[in-house]
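Here's a quick tour of one model, going from a helix to the core and then to the empty spaces. Have the viewer open as you read.

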Amino acid sequence: MKSLHSAWIAVGAGVVARVAWAIAAPPVVRDDAAAYRALAHAIAEGHGYGISAPTAYWTPGWPAWMGLIFQLGLGDRGVAVASALLGGVTIALVWVLARRLADRAIAWRAAAICALVPSLVLLPGALLSENLAVPLVVLAAIALVRARELGRARDYALFGVAVAAATFVRESCAAFLIAGAAFAVARAPMKLRATRLAAVVLAFSVALAPWVLRNRARLGATTLTTSAGPNLCVGLGDGATGGYRTVPGLVPLVAGEAERNANGVRCAEQGLRDHPFEIVTLAPAKLSRLLVWDDWIVDDFYARGTRFSPVALNALRVFCNLAWWALLGAAAVVAWRQRERAAAVIAFAACVALAVLVTFGAGRFHTPLLPLFAVLAACYRRRS
């Protein structure tokens with residue numbers, strides 16, 4: 001009972017800390033966040049999804065969410081506070097996921113860990129799509145665990161819809177479809193494998209079909225996002241470093257998106273032909289950026305030039321990284337010892353790693369894994 005009360009206190013502190021940070025810290029609006037905000041204003045003002053012309057460089061879920069808040073007259077601070085509340089939803093969903101995998105005590109411990117992960121506490125201050133994508137990813141993980149337990153095609157279809165919802169907010173979440181496909185065909189008769197796999201793929205495809213058809217009609221590109229080609233070029237094209245780099249002619253402008261997307265794909269194909277083993281040699285550089293650093297949010301505050309001192313921001317950076325390494329270490333131990341229980345989280349982590357290997361590494365990309373690793377960390381027990 002005492003540990004249960006402690007978990008409640010930690011969860012409450014996590015929600016309060018998120019709301020307090022959203023209110024006190026100046027929202028960070030730069031790079032992708034600046035584009036999201038411009039698109040959100042266009043939606044709120046009735047101009048459709050585009051700035052000077054229709055776009056599909058980013059999937060529209062997050063700008064649409066921001067646009068709804070702007071229509072209420074709440075502005076950037078309102079988006080930050082709403083994002084803090086979404087953080088509370090993530091904590092609740094982490095409890096649900098952990099409860100399906102373990103007992104009630106571990107579920108509360110997982111919720112408490114998720115509540116106090118520094119990067120997730122700071123996330124509402126950055127007006128980025130992860131604020132909405134993270135709870136949707138946890139929801140997709142719950143759907144996958146349920147589908148794996150029950151084995152029914154309709155449960156795999158629900159997983160496909162959940163991944164589509166996350167993808168509609170952040171396009172890289174489409175990689176999680178691979179986890180569902182792998183689970184659908186694992187340890188099942190051939191006929192059942194085909195039914196499950198079809199359910200996953202069809203549900204995902206049908207849910208996103210209106211968006212893809214819109215892109216075909218408005219941009220002449222039958223694609224989920226026109227950023228796919230440039231991202232592939234960044235990670236696989238000639239001169240790839242493992243991290244993000246600016247490729248001339250492929251920067252995110254509005255005009256000529258479909259052509260730039262096609263050029264990016266050709267760039268990646270040429271890079272693979274010229275340097276076929278570079279995808280292997282660059283793997284350590286890409287994965288190190290994914291699995292080591294967790295201070296990208298603090299970097300945004302540096303670039304913003306906030307009223308926080310460099311010393312305070314440096315301390316915050318160190319704190320974020322130490323917390324990430326502790327979470328990663330505990331989750332890795334549990335994943336090794338309890339592979340059956342951790343299967344869904346392992347599969348999601350593998351999907352993120354695969355997406356990074358074919359594009360580029362950045363700390364931002366592992367953010368959806370933080371609450372999932374909190375679930376595994378809650379299962380950690382030292383051996384006697």
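This is a predicted model. Let's start with α16, where Leu 313, Cys 320, Asn 321, Trp 324, Leu 327, Ala 330, Ala 331, Val 334 and Ala 335 are buried. Helix α16 covers residues 310-337, and at 1.5 Å a residue its 28 residues should span 40 Å. The C-alpha atoms at its ends are 41 Å apart, so the expectation and the model agree.

Next, the core. Which residues touch the most other members of the largest nonpolar core? They are Leu 97, Phe 348 and Leu 372, out of 112 residues in that core. The biggest contribution to this core comes from helix α7 (residues 130-150), which gives 12 residues. If you skip neighbours within four places in sequence, Leu 97 is in contact with Val 138, Ala 141, Ile 142, Val 145, Leu 372 and Val 375.

Val 345 is worth a click too. It sits in helix α17. Is Val 345 buried or exposed? With a relative accessible area of 2%, it falls under the 20% cut-off, so Val 345 counts as buried. Leaving out residues up to four places away in sequence, Val 345 touches Leu 372, Phe 373 and Leu 376. Along the chain, Val 345 and Leu 144 are 201 residues apart, yet their C-alpha atoms are separated by 9.7 Å.

Now for the empty spaces, side by side:

| Space | Volume | Lining residues | Lining make-up |
|---|---|---|---|
| Second largest pocket | about 260 Å³ | 16 residues | 16 nonpolar, no polar, no charged |
| Largest cavity | about 80 Å³ | 13 residues | seven nonpolar, four polar, two charged |

For the second largest pocket, the lining residues nearest the centre are Leu 328, Ala 335, Ile 346, Ala 349 and Phe 373. Helices α14 (283-291), α16, α17 (343-358) and α18 (370-378) each supply at least two residues of its lining. Which helix gives the largest share of that lining? That's α17, with six residues. Two names here turned up earlier: Ala 335 is buried in α16, and Phe 373 is touched by Val 345.

As for cavities, searching the whole structure turns up one of 30 Å³ or more. Closest to the centre of the largest cavity are Arg 18, Gly 87, Thr 90, Leu 120 and Leu 123. Helices α4 (75-101) and α7 each provide at least two of the residues lining the largest cavity. So far as α7 goes, recall that it also gives the most to the largest nonpolar core.

Note on methods:
Residues are numbered from 1 along each chain as its sequence is written. This is a predicted model: local features need pLDDT of at least 70, side-chain atom pairs count only at pLDDT 80 or more; totals for chains, interfaces and linings use all residues. Side-chain values use heavy atoms; hydrogens and water are left out. Helices (H or I, at least four residues) and strands (E, at least two) are DSSP runs, numbered from the N terminus. The expected span of a helix is 1.5 Å times one less than its number of residues. Buried means under 20% relative accessible area, exposed over 50%, partly exposed in between (1.4 Å probe, protein chains only). A nonpolar core is a set of buried Ala, Val, Leu, Ile, Met, Phe, Trp, Tyr and Cys residues joined through side-chain atoms within 4.5 Å. Contact means heavy atoms within 4.5 Å. On a 1 Å grid over the protein atoms alone, a cavity is a set of points where a 1.4 Å probe fits but cannot get out, and a pocket is an open set with protein on both sides within 12 Å along at least five of seven lines; lining residues have an atom within 4 Å of a point. Grid points are joined across faces, edges and corners, and a volume is the space filled by probe spheres set on the points. Ala, Val, Leu, Ile, Met, Phe, Trp, Tyr, Cys and Pro count as nonpolar, Asp, Glu, Lys and Arg as charged, and the others, Gly among them, as polar.
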